[in-house]
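Me: Could you take a close look at one part of this model for me? I'd like to know how the helices and sheets are put together.

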Amino acid sequence: MRWFGGGGSALTDHAVKEAVFEKSGSDGALATQSWGQFAALHKKDESGATVFQLSRNKGDEQSAKVQSARRCVKLTKILRHPCVLPYREGVEKDGGEISFATDEVLPLPAWLERYGKDADPRTLAWGARCVLQALSFLHSTKRCHGSLTPDSIYVTAAGDWKLWGFELSTSLDPLEPNNEGLGFFRAHEALVDDRYRAPERKRNDWEGMAQHKVGSSDVWALSALLETAYSNRGGAPRELSVWLKRASNNEPSKRPSCDQILRGCPLFRGGTLKELTGLQDLSATSLEDQIAFYKNLHESTSRTTPDGQPCRGALDEALFRGACVHKLLPKLLATLEIALKEGGDVQTRRAAVACALPLLVQIVEMLDKDENDSLGKYAQAAEKRVVKGIVEALETVLIIKDPFIRFEALKRVDALAPLLTENYVNRKLFDALLLGFGDKNDDARLLTLMGMLAIAPRLSEKNRSDRLLRVVKRLESDRSPKIRTNVVIFYGRLAPDLPDNLRTKHALPAFVKALEDKVPFVRMAAVRALGACRDEFAPVYAARLVAPKLVPLALDPAKPVRDAAVPCLEAYLAVVRKAAEEMTRQEEARAKQEAVKRQAETPQKAPQQQAPPPPKQEAPPPPPEPTSPSAGWGLASWAGAAASNALGKVASAASEAAAGLASAEDVTEEAPPPPPRKSSIDDDGGDGWGDDDAWGDVPTKKVEPKKASPKKPAARKVSPKKATQPKDDFFDSWGDDQPAKPSRVAAAAAADDDEDDDPWGTKEPVPVAKKPSVEDRRAQRRAELEAKRKARAAARASSKPSITKAAPPAPPADDGWGDDAWGDDVPAKPVALKSSPKKPGRKTLPKKGGTLSLSKGMFSKDQKAAPPPKAKTEEQIKAEKLKAAAAAMKAAPVSKLPADDSMWDDF
């Protein structure tokens, strides 16, 4: 940037920043065409300013440019009017620059170029009025302007048109003493643009101009200027065009004066211009008059919804934007500052706040217009400086402890919060707003909550998570339903700005709790908040927590709740469905990856699979059946084979008797019948063994009969096992009628160190606790039923006299079988007969040959007593012995068997 006069600006109170318009007029031109315009700031308050500087050349002291500039600056210092460009500071160096500072303005041609097409018509009307007032003031001093052109009008950011360019301003009366300007006017008035020169000036009718009204030529130039200003909008309004036509009359005597136009034109008596006129003179009134003006302006611009709720005001209908931001706002802040001073009247303070804050909110809403072009940036900078004043006023109002003032401030804090700095919000405003949560008034608490919502995104993490959410948590159970409703709304709006942990910890439980509220409005707010935040929660919460709570609301008694709950539930189910599909895709992807990995590893393992297999080893002998020891099973198989071969003829009778006994037990004890056996022992119908319930759980594996041998079978070596072998029901059913005693075979095996001395493997293994199987429990149940039956039989037998035993028959002759070993090894102790009370037609059978007689219970009640025994043949006697031995084996356990093993020698 080139500085005039060979150096920087010589102004002391203003700092020049940059050039806005640079002009380099010739020495023969007027100063209006040569002033350079620069943007500047006032050093004290950093307010905007404009500095005009005139470029000079050496030896131009007598040039028209320098002389006109000096005359203009001189008259600017003298003329003081709101519509005249003010003089702040100026300087003229000897032989150097001429400069002076004024308000921040733009030339009218530049303003029309930028805003002319979109300019508010009220702005043009107000500008015309400002020029008329300035000319009226100038004409009242008996001076004419002489060079009224668009270049002599400057527009402020508030929309005021300022008159300047007084190079040719002078009195036209030739008789006036010391009228030096008249000669300069007559000498240089031809330098003015002919479009703005009156006809009398063009024909140099100086005497006529002196005889007519002062400023008639200025009125003619003004009409041409306003026609140019309205040319971009299709011409001047009809109310004004009538007066402009009269002002452009060729006869100076028929032209109206500026005062006549101001008084007679209806355009200048409209509501906007009336308000602006009152605002222009407001600074000279008292504080009460200022508050009354703002109150009337607020009432005239306030608007409400059909249901009576306040809404956005209509201040822009009363005043155009520039006037609101740069004219009304500074005066409003000045009035508010005076009212809030310490020691002022409380009622005056409250009245000032009540009328000022609504207007402040409407003005702040007008500040969102961005202007980033070369000229708009100056207007934007001016608005930022205005905002700074708003912030200072709000910082004072919001922290006042007066409940009324705080209540009014909380109503508008959401609109004013964007202007506040984060430092102020966290240090001062947040603490001041927290006091509102303790107010007894429900509306005050509600407004405090709404105010917190406005500043919550700008709070620090500590204030938001540690202090704010803890206070709001207590409001979830507030007594007022409208506060509970707005708490849900508060969480719904704040949830997107919260971290995941705080959102899940505070917002989600509040929504779920509100779904069960008794007030329908609270439930509806919760449903809508959940619908708005459906993307903020993880699908697992949607499936486990939200969806189950929304299902009952689909049938809510309140229709609005039902209408809101069904779409919300469908939205959350869609989230859950989408998450499930994603899980399925992930599982399929993992399965494919594992398959590819296994396929990649398969060729590496192929050579190892082709190696020759290891030599086969002989498999160890299969372990014995778990139901009984191996020795017991071998005994059972061998004894069963012998019995099948030798006792085929007598087995049928014993089978029928055993079946009758089992049937009697089942009827008496009401126990479920055991499942039918499929073993080789039971398959032989009529084999003499009857029902095998008393045999226990004999393995169902088919046993091949072994050939009888007269020699003693070889002893098998059985190693003791760590775990207890399962009980063999084959042996456990022996000897139930007598107390258990240790087996002589087991005692001998325990005393002898040589395991070979125990050929039957009766050495007891170490018992280990084992859960009984189903077969074991069934066997135990049958044993219990058998014990009960025998106890009842013993009780019946004790009530009868004892029966004398019959003498055993003489040993039969040798029949070719050899010693059958059945009669010699029967225990010496006689076995008590199982008797029962005598009944008609029944006869007790005596024990013969050391065998046990069948009990009474084996026969049904309908059976008759057996006839006396007849003489028996040797085969019948041998069959009876085998039958008795088999019965003893069924009744006695393994531990009760005789210790003498020689009884099996003959087999």
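Reply: Here is a walk through one helix and its surroundings, then the other sheet.

A word on the ground rules: this is a predicted model, where local features need pLDDT of at least 70 and side-chain atom pairs count only at pLDDT 80 or more, while totals for chains, interfaces and linings use all residues. Residues are numbered from 1 along each chain as its sequence is written, and side-chain values use heavy atoms, with hydrogens and water left out.

Let's start with helix α3 (residues 121-140), which packs against helix α10 (residues 271-280) at an angle of about 50°, their axes 10 Å apart. Helices here are DSSP runs of H or I with at least four residues, strands are runs of E with at least two, and both are numbered from the N terminus. Axes are lines fitted to C-alpha atoms, for helices over the stretch in contact, and angles run from 0 to 180 degrees between N-to-C directions. That angle makes α3 oblique to α10 (under 35 degrees is roughly parallel, over 145 roughly antiparallel, 65 to 115 roughly perpendicular, and the rest oblique). The crossing of α3 and α10 is right-handed, meaning the near helix is turned clockwise from the far one by less than a right angle.

On the α3 side the contact (heavy atoms within 4.5 Å) uses R122, A125, W126, R129 and Q133, and α10 brings T272, L273, L276, T277 and Q280. Sorted by type, the residues of this contact are four nonpolar, four polar and two charged. Nonpolar covers Ala, Val, Leu, Ile, Met, Phe, Trp, Tyr, Cys and Pro, charged covers Asp, Glu, Lys and Arg, and the others, Gly among them, are polar.

α3 also lies across β7 and β8, running at about 25° to β8. Those strands belong to an open antiparallel sheet of three, ordered β6-β7-β8; strands pair if DSSP finds at least two bridges between them. β6 (105-107) and β8 (161-163) are the edges, each with a single partner strand, so one side of each has no neighbour in the sheet. The twist averages 40° from one strand to the next. Between β7 (residues 153-156) and β8 there are three bridges, and V155 stands opposite W161 in β8.

Now the other sheet: five strands, open and antiparallel, in the order β1-β2-β3-β5-β4. Its twist averages 25° from one strand to the next. β3 (residues 48-54) and β5 (residues 98-102) pair over five bridges, with A101 of β5 as the bridge partner of V51. Helix α1 (residues 64-78) lies across β2 (35-42), β3, β4 and β5, at about 30° to β5.
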